[in-house]
Amino acid sequence: LPGFGVDADSSADQNTPARMNWKKVDRSQDGFKVEMPADIQELQVPAYNERGGTEPVEMILCNPNADTSFSVAWEDNPPVARINSHAPDRTMDMARDDALARTQTILIEEYRTNMGGFPARDFVGRNVNGGIISSRMIYAGQRLYLLSAAFPSSKARRDKDVTRFFNSFSFDRTAGSSDAQPRND
């Protein structure tokens with residue numbers, strides 16, 4: 001993610017929060033809607049599978065400035081769920097650990113919650129250069145969502161932007177994952 005390889009004190013611009021121009025993103029065909037603060041790019045990112053290879057996971061990403069990014073990744077029956085026999089806690093533990101490893105961050109806080117009756121986690125990681133990533137993970141039926149907001153420093157992060165991003169996410173149960181019903185386990 002942008003901004004994670006730069007020393008947090010190397011630029012005054014990194015210490016000023018970016019101004020956000022929020023836009024509604026309708027991904028009903030993928031089972032959700034969200035607001036993001038810039039035009040999105042559609043990507044596929046690799047996820048490790050149980051055979052030691054990788055599989056593509058869908059992602060949308062936006063960069064409101066060169067050092068800040070917001071993203072949503074999702075996949076039905078993702079490898080991390082299959083590896084963990086679809087157990088929500090184990091699946092989310094492993095997905096969190098993978099997200100932290102990929103961004104070279106360490107966990108600094110985590111909260112277990114639920115969203116729409118589905119198990120969810122909010123967690124924050126920080127890297128050695130001061131970069132910070134705030135993430136929300138939701139395990140909805142057989143689909144795993146990961147929302148992330150990455151900043152070059154804690155001073156560049158605005159709680160209200162992260163909260164707006166996370167709270168704007170909603171499920172569209174008319175499309176996307178056909179089995180997105182709350183889990184009772």
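Here are some questions and answers about the predicted model shown above.

Me: What pattern do the helices and strands follow along the sequence?
Reply: The protein chain has three helices and 10 strands. Going along the sequence, those elements come in the pattern β-β-β-β-β-α-α-β-β-β-β-α-β.

Me: What share of the contacts with a separation of 6 or more comes from residues 24 or more positions apart?
Reply: Some background on the chain helps here. It has 185 residues, and 48% of them are buried. For contacts with a separation of 6 or more, the share from residues 24 or more positions apart is 53%.

Me: How much of the accessible surface belongs to carbon and sulfur atoms?
Reply: The total for the protein chain is about 9,100 Å². Of that, the carbon and sulfur part is 47%.

Me: Which element gives the most to the lining of the largest pocket?
Reply: That pocket holds about 640 Å³ of space. Its lining has 28 residues, and P46, D98, A99, R102 and L146 are the closest to its centre. Elements giving two or more residues are β3 (41-48), β4 (54-65), β5, α1 (79-83), α2 (88-102), β8 and β9. With five residues, the top contributor is α2.

Me: How many residues in the lining of the largest pocket are nonpolar?
Reply: Sort the lining by class and you get four polar and three charged residues. The nonpolar count is 21.

Me: Is T91 buried or exposed?
Reply: T91 lies in helix α2. Setting aside neighbours within four places in sequence, T91 is in contact with V80, A81, N84, H86, Y139 and L144. Its relative accessibility is 0%, and the cut-off for buried is under 20%, so T91 counts as buried.

Me: Which helix gives the most to the lining of the second largest pocket?
Reply: This pocket has about 160 Å³ of space. Its lining takes in 14 residues, with D122, V124, R157, V162 and F166 nearest the centre. At least two residues each come from β6 (106-115), β7 (118-126), β8 and α3. Giving five residues, the leader is α3.

Me: How many charged residues are in the lining of the second largest pocket?
Reply: Take the other classes out of the way: five residues are nonpolar and four are polar. The charged count is five.

Me: Which strands do the buried residues of α3 pack against?
Reply: Helix α3 covers residues 159-168, and its buried residues are D161, V162, F165, F166 and S168. Those residues pack against β2 (32-36), β5 (68-76), β8 (132-140), β9 (143-151) and β10 (170-171).

Me: Which residue's side chain makes a polar contact with the side chain of S134?
Reply: S134 sits in strand β8. Neighbours within four places aside, its contacts are F123, V124, L147, S148, A149, R157, V162 and F166. One pairing is a side-chain to side-chain polar contact at 2.9 Å, and the partner is R157.

Me: Why is S134 classed as buried?
Reply: The cut-off to remember is that buried means under 20% relative accessible area. S134 falls below that cut-off and so is buried, because its relative accessible area is 2%.

Me: What separates the C-alpha atoms of S134 and F70?
Reply: Along the chain, S134 and F70 are 64 residues apart. In space, their C-alpha atoms are separated by 9.5 Å.

Notes. Residues numbered from 1 in each chain as written. Predicted model: local features only at pLDDT ≥ 70, side-chain atom pairs only at ≥ 80, totals over all residues. Heavy atoms only, no water. Buried < 20%, exposed > 50% of the residue type's maximum accessible area, 1.4 Å probe, protein only. Helix = DSSP H or I, 4+ residues; strand = E, 2+ residues; numbered from the N terminus. Contact = heavy atoms within 4.5 Å. 1 Å grid on protein atoms, 1.4 Å probe; cavity = no way out; pocket = protein on both sides within 12 Å on 5 of 7 lines; lining within 4 Å. Points joined across faces, edges and corners; volume = space filled by probe spheres on them. Nonpolar A, V, L, I, M, F, W, Y, C, P; charged D, E, K, R; others polar. Polar contact = N/O pair within 3.5 Å; in protein donor to acceptor, adjacent residues only side chain to side chain. Areas by Shrake-Rupley, 256 points an atom, 1.4 Å probe, with all protein chains shown as cover.
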